[in-house]
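Visitor: I have a few minutes before my next gel. Can you walk me through this one?
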Amino acid sequence: MRLLHKLVAAASLSLLALGAGASPSNPQSGVDYRVLDKAQQTDAPAGKVEVTEFFWYSCPHCNALDPSLNDWVKKHADKIVFKRVPVAFRESFVPQQRLYYTLEAMGKLDELHAKVFRTIHADRHPLDTEASIINWIGQQPGIDKQKFAETYNSFGIQSKARRATQLQAAYQVDGVPLIAIDGRYITSPSIVGTSMRNAPEPQLHAATLQVMDALVAQAAKEKGGSAAAEPAKKK
């Protein structure tokens, strides 16, 4: 019985040590991020680290993270290559996948990406069918509705949507938003939040961005490059 008590005590101390060593600025595998079983190929140029967000336009958490993530991307633009991948957990997600890639193909993504989020979450227009999307596009200035519809239904856009779903599977995406670093590391507010119980969402976002800082720096060091994200500053 005494031996059992000692083993339990030792296990408890190990868990405490792990918890003490884990923090957003000093992230630990299995606590603040996960490592993929099979690293995915990236195409970032030398000296930069690829960062990929898996997201869904109708996800309220993706909507909430988007502004601070955009700021983070701008801050580290010289160190990273940033990509977005719209997910499809069900067939009903596909219209929004194709919306994203059509806006990208037409050079309208920077202009309308945030507006899509606002339309869905603030204006309460779901934009979850082809008809509702094309109707909304017709209300946006500077976009040819017919050209959008043709692009939206093109083979190229359908292929990109299928490729996005393949990437989703390869990166073992089980929820969004989820961030992949250098094709190997996975983190998200929900992953970081497991050690920050009951933390408000803005705090989880700030912690996630700190974890991303550390993972970008780690990936750059492992690649032998100079890309290193600066630690997030306290406000």
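Guide: A definition comes first. A crossing of two helices is right-handed if the near helix is turned clockwise from the far one by less than a right angle, and left-handed if anticlockwise. Keep in mind that this is a predicted model.

Visitor: Okay. Is the crossing of H3 and H4 left-handed or right-handed?
Guide: H3 and H4 cross in the right-handed sense.

Visitor: Which residues make the contact?
Guide: H3 brings Gln96, Leu99, Tyr100, Leu103 and Glu104. H4 brings Leu109, Leu112, His113, Val116 and Ile120. By class, that contact has seven nonpolar, two polar and one charged residues.

Visitor: At what angle do H3 and H4 pack, and how far apart are their axes?
Guide: The angle is about 150°, and the axes are 9 Å apart. H3 covers residues 94–105, and H4 covers 109–121.

Visitor: Are they roughly parallel or antiparallel?
Guide: Angles over 145 degrees count as roughly antiparallel. H3 and H4 are therefore roughly antiparallel to each other.

Visitor: New topic. What volume does the largest pocket have?
Guide: The largest pocket has a volume of about 750 Å³.

Visitor: Which residues are closest to its centre?
Guide: Phe82, Lys83, Arg84, Tyr100 and Glu104 are, out of 26 that line the largest pocket. Tyr100 and Glu104 also belong to the H3 side of the contact with H4.

Visitor: Which elements each supply at least two residues of that lining?
Guide: Strands E2 (49–55) and E3 (80–86) do, and so do helices H2 (60–75), H3, H4 and H7 (155–170).

Visitor: And how many lining residues are nonpolar, polar and charged?
Guide: The lining of the largest pocket has eleven nonpolar, six polar and nine charged residues.

Visitor: Jumping again. Where is glutamine 40?
Guide: Glutamine 40 sits in the loop between strand E1 (34–35) and E2.

Visitor: What does it contact beyond its neighbours within four places in sequence?
Guide: Glutamine 40 contacts Ala170, Tyr171, Asp182 and Gly183. Its C-alpha atom and that of alanine 170 are separated by 7.5 Å, though the two residues are 130 apart along the chain.

Visitor: Last stop, the backbone. Where does a cis peptide bond turn up?
Guide: It joins valine 176 and proline 177, with omega about 0°. Proline 177 is in the loop between H7 and strand E4 (178–181).

Visitor: What about glutamine 172? What is its phi?
Guide: Phi is near 55° there, a positive value in a residue other than glycine. Glutamine 172 lies in the loop between H7 and E4.

Note on methods. Residues are numbered from 1 along each chain as its sequence is written. This is a predicted model: local features need pLDDT of at least 70, side-chain atom pairs count only at pLDDT 80 or more; totals for chains, interfaces and linings use all residues. Side-chain values use heavy atoms; hydrogens and water are left out. Axes are lines fitted to C-alpha atoms, for helices over the stretch in contact, and angles run from 0 to 180 degrees between N-to-C directions. Helices (H or I, at least four residues) and strands (E, at least two) are DSSP runs, numbered from the N terminus. Angles under 35 degrees count as roughly parallel, over 145 as roughly antiparallel, 65 to 115 as roughly perpendicular and the rest as oblique. Contact means heavy atoms within 4.5 Å. Ala, Val, Leu, Ile, Met, Phe, Trp, Tyr, Cys and Pro count as nonpolar, Asp, Glu, Lys and Arg as charged, and the others, Gly among them, as polar. On a 1 Å grid over the protein atoms alone, a cavity is a set of points where a 1.4 Å probe fits but cannot get out, and a pocket is an open set with protein on both sides within 12 Å along at least five of seven lines; lining residues have an atom within 4 Å of a point. Grid points are joined across faces, edges and corners, and a volume is the space filled by probe spheres set on the points.
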